[in-house]
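Grab a coffee and work through these exercises with the structure open beside you. Try each task before you read its solution.

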Number of protein chains: 2
Amino acid sequence: MALPRRLPAEPRVEQTDLAPLDDKLGFWLRLAQQSGFDTLQRGLGPLGLTPGRLGVLLLVEANPDIRQALLAEALRIKPSNLTVLLAALEQEGLIRRDEEEGNRRANRLRLTEAGRALLRQGEEAEAAAERQLAARLRPADRAALLTALRRIAGG
Amino acid sequence: MALPRRLPAEPRVEQTDLAPLDDKLGFWLRLAQQSGFDTLQRGLGPLGLTPGRLGVLLLVEANPDIRQALLAEALRIKPSNLTVLLAALEQEGLIRRDEEEGNRRANRLRLTEAGRALLRQGEEAEAAAERQLAARLRPADRAALLTALRRIAGG
DNA sequence: GCCATACTATTATGGTGCATAACAATGGAT
DNA sequence: ATCCATTGTTATGCACCATAATAGTATGGC
C-alpha cells in the first residue's frame, strides 16, 4: 500500500506565523477600534468633525446646559482635553459656553443653530459608518459584542 | 382610597443622559480598547515594554529572520513606524538587525538572548492582563468577542 | 467676617499610535 | 545604462490621552 509520500518542497512563499497574536484580546481590540475610528473618520472628516467632536455635540444636545466637568465624565475624557475641544467648537460657532448664573466658575453648554445643523449631518454619517462596521455581524452578534465591550470597558 | 400623591421634587442630582452614546459601537470600541491598553500597559510598563514592543518581540520570535516589511504587515503598522520601534529595541540589545545576504536592502530580524528573556516575562504579564480583561466574560463570550472583533477589523 | 478647603476650568507639556510624503539605497529587468 | 520596484529611513502632523500647575470662584467652619 502506497504511503503518502512527503510532497516536494514547494516554492517558498514568505509566510508569517501570526499565531502569537491571533488569540490576544488586546491585539484585536486595537485593530477593531482602529477600523471603527477610520470608518467614522472617513465619514466625519468632510464635515470638519472627528469622533471626539461628534461625541461632544451628541451629548450637549441631549443634555442642554450641562457643565464641562460632567460632560467630560460622560465622554470619559479629561476635563483639560475637553477644554481644548470646546474652545475650537465655540470658535467655529457650533456651541455656546455661558457662565452659570450664581456660579461664575461653571460653564453651561448649549448647541447653536449651526451646531444642531452640523450634528444632524454628523449623525447621518455616523449611522452610515455604524452600519458599515456591523455589516458582517448578525444583529444578535452586534448586541453581544456591545455587551462584551461594555464589560471590558468597565461600564 | 388614598391615591399615591406626586412625590415632592427630590433634591436634584445632576444626571446625564448617555443614551446618544451607549449603543454606538465606535464609542465602546474606543473605551474597551483603552481599557485593554491600560491593563496591558500596567503589566508591561515595569518591564520597559509596551503593547507594541511586545507584539514585535512575539512575532520576531515566531518568525526568525523575518524582514521588516513583512513584520509591519503582520502587526498592521506602517513600516515607517516600525523602523522607530526596532531602532529602540536594537539599541537596548533586545533584537538584532542583520542585512540579508545578497540583498543589502532587507533586514533580517532576530531576538537576542536578552530579548528572549524579556519576552518570557512580557508573555507572563500579558497573560495576566488578558485574564483580567476577560474576567467578566464567560469563555464562550470571549470567543464570540474575538470573532466579532476580527470581523470588524476586517481580518 | 475670615480662612481653609473644594470645585471648575484653563494652560502647558509630554507621550501614544497612526498616517503621509520625501528620500536614499539597492536590486532586477530590459 | 536606464528605468522601475523594493526596502528602509526620516520628518512631520493629527487625534487622543495623561499629568501638573494655576486662577478664579464658591462653601462651610469658626
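For what follows, a residue is near a strand if one of its heavy atoms lies within 4 Å of it. Keep in mind that this is a predicted model.

**Exercise 1.** Find the residues that come nearest to DNA strand D, and say which part of the strand the protein meets.

*Solution.* Start with the residues around DNA strand D: there are 25. Ser80(A), Asn103(A) and Arg104(A) come nearest, along with Arg30(B) and Arg67(B), so to speak a list drawn from chains A and B. Now flip to the DNA side. Of the strand D atoms within 4 Å of the protein, 68% belong to sugar or phosphate, and the rest belong to bases.

**Exercise 2.** Sort the surface near DNA strand D by residue class.

*Solution.* Go class by class: you should get six nonpolar, twelve polar and seven charged residues. Gly goes in the polar pile here.

**Exercise 3.** Look for side chains that reach a phosphate oxygen of DNA strand D, then name the elements that supply the surface.

*Solution.* Take chain A to begin with. An N or O atom in the side chain of Thr50(A) is 3.4 Å from a phosphate oxygen of the strand. Next, chain B: Gln68(B) has a polar side-chain atom 2.8 Å from a phosphate oxygen, and for Arg97(B) the distance from a side-chain N or O atom to a phosphate oxygen is 2.9 Å. Last, the elements that give two or more residues to this surface: chain A offers α1 (25-44), α2 (51-62), α4 (79-91) and β3 (103-111), while chain B offers α1 (25-44), α3 (68-75), α4 (79-91) and β3 (103-111).

**Exercise 4.** Pick out some salt bridges and decide for their residues: buried or exposed?

*Solution.* Side chains of opposite charge can pair when their charged atoms come close. Over all chains, the whole structure has 17 salt bridges; here are some to check.

- Arg138(A) and Asp141(A) meet at 3.0 Å, N to O. Arg138(A) has a relative accessible area of 59%, over the 50% cut-off, so Arg138(A) is exposed. Asp141(A), at 23%, is partly exposed.
- Glu92(B) and Arg53(B) meet at 2.5 Å, N to O. This pair links distant parts of the chain, 39 residues apart: Glu92(B) sits in the loop between α4 and β2 (95-100), and Arg53(B) in helix α2 (residues 51-62). Glu92(B) is partly exposed at 45%. Arg53(B) has 10%, under the 20% cut-off, so Arg53(B) is buried.
- Arg108(B) and Glu100(B) have their closest N and O atoms 3.0 Å apart. With a relative accessible area of 18%, Arg108(B) is buried.

Methods
Residues are numbered from 1 along each chain as its sequence is written. Chains are lettered from A and ligands numbered from 1 in the order in which they are written. This is a predicted model: local features need pLDDT of at least 70, side-chain atom pairs count only at pLDDT 80 or more; totals for chains, interfaces and linings use all residues. Side-chain values use heavy atoms; hydrogens and water are left out. A polar contact is a pair of N or O atoms within 3.5 Å; within protein, one must be able to donate a hydrogen and the other to accept it, and residues adjacent in sequence count only if both atoms are side-chain atoms. Helices (H or I, at least four residues) and strands (E, at least two) are DSSP runs, numbered from the N terminus. A salt bridge is a side-chain nitrogen of Lys or Arg within 4 Å of a carboxyl oxygen of Asp or Glu. Buried means under 20% relative accessible area, exposed over 50%, partly exposed in between (1.4 Å probe, protein chains only).
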